[in-house]
Amino acid sequence: MPTSKIIYLGELRTQATHIQSGTEIITDAPTDNHGKGEAFSPTDLTATSLGSCAMTVMGIAARREEIDFTGSEVAVTKVMSAELPRRIVKIEVNFMMQTPEELSEEVKQKYIRIAHTCPVAQSLHPDIEQVFNFNWHVSQPA
């Protein structure tokens, strides 16, 4: 069964539908490539997928160990090549990790390794530089 269905809407815009859930995503070409830039571009989704995937696999492992990462944030920066062919050359992923209690350095390093081995990180072309930065903070009680 297909994962998704994509319809070209014209004006460099697509509508992608996730078959299992029915969730829809609109993409636009970026303004620096003749588009409107009113939605994620396909390369934005690629870069965003790296951050989302890394956070998800860390969350899976944390759930097993009863560590709560709720409130953690990931900021993703995509860098495109200046020359042709147009392609992603670097993705920087900045993790602002929130935990209810201080984690040991050993535990932090374990989660950093997990992030680097997420399926998207392992699937990207090796010429794409992947930079992961982690900042760890203990959540303040409400």
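**Exercise 1.** What should the twelve residues of helix H2 (residues 105–116) span at 1.5 Å a residue, and how far apart are its end C-alpha atoms?

*Solution.* Keep in mind that you're working with a predicted model. Step one: take 1.5 Å times one less than the number of residues, and the expected span for H2 comes out at 16 Å. Step two: check the model, where the end C-alpha atoms of H2 are 17 Å apart, which agrees.

**Exercise 2.** Work out how the buried residues of H2 are arranged around its axis.

*Solution.* Start by listing who is buried in H2: Lys 108, Tyr 111, Ile 112, Ile 114 and Ala 115. Now look down the helix axis: these buried residues fall within an arc of 160 degrees, so they line one face of H2. Flip to the other side of H2 and you'll find Glu 106 and Arg 113 exposed. Last step, find the packing partners: the buried residues of H2 pack against H1, strand S5 (88–99), helix H3 (119–123) and strand S6 (129–138).

**Exercise 3.** Find the largest cavity and describe its lining.

*Solution.* First, the search: the whole structure has one cavity of 30 Å³ or more. Its volume is about 30 Å³. Next, the lining residues: Thr 99, Glu 101, Glu 102, Leu 103, Lys 108, Trp 136, His 137 and Val 138. Sort them by class and you get three nonpolar, two polar and three charged residues. Finally, S6 gives the most to this lining, with three residues. Notice Lys 108 again: this residue lines the cavity and is also among the buried residues of H2.

Technical notes. Residues numbered from 1 in each chain as written. Predicted model: local features only at pLDDT ≥ 70, side-chain atom pairs only at ≥ 80, totals over all residues. Heavy atoms only, no water. Helix = DSSP H or I, 4+ residues; strand = E, 2+ residues; numbered from the N terminus. Buried < 20%, exposed > 50% of the residue type's maximum accessible area, 1.4 Å probe, protein only. Arc of directions from axis to C-beta. Contact = heavy atoms within 4.5 Å. 1 Å grid on protein atoms, 1.4 Å probe; cavity = no way out; pocket = protein on both sides within 12 Å on 5 of 7 lines; lining within 4 Å. Points joined across faces, edges and corners; volume = space filled by probe spheres on them. Nonpolar A, V, L, I, M, F, W, Y, C, P; charged D, E, K, R; others polar.
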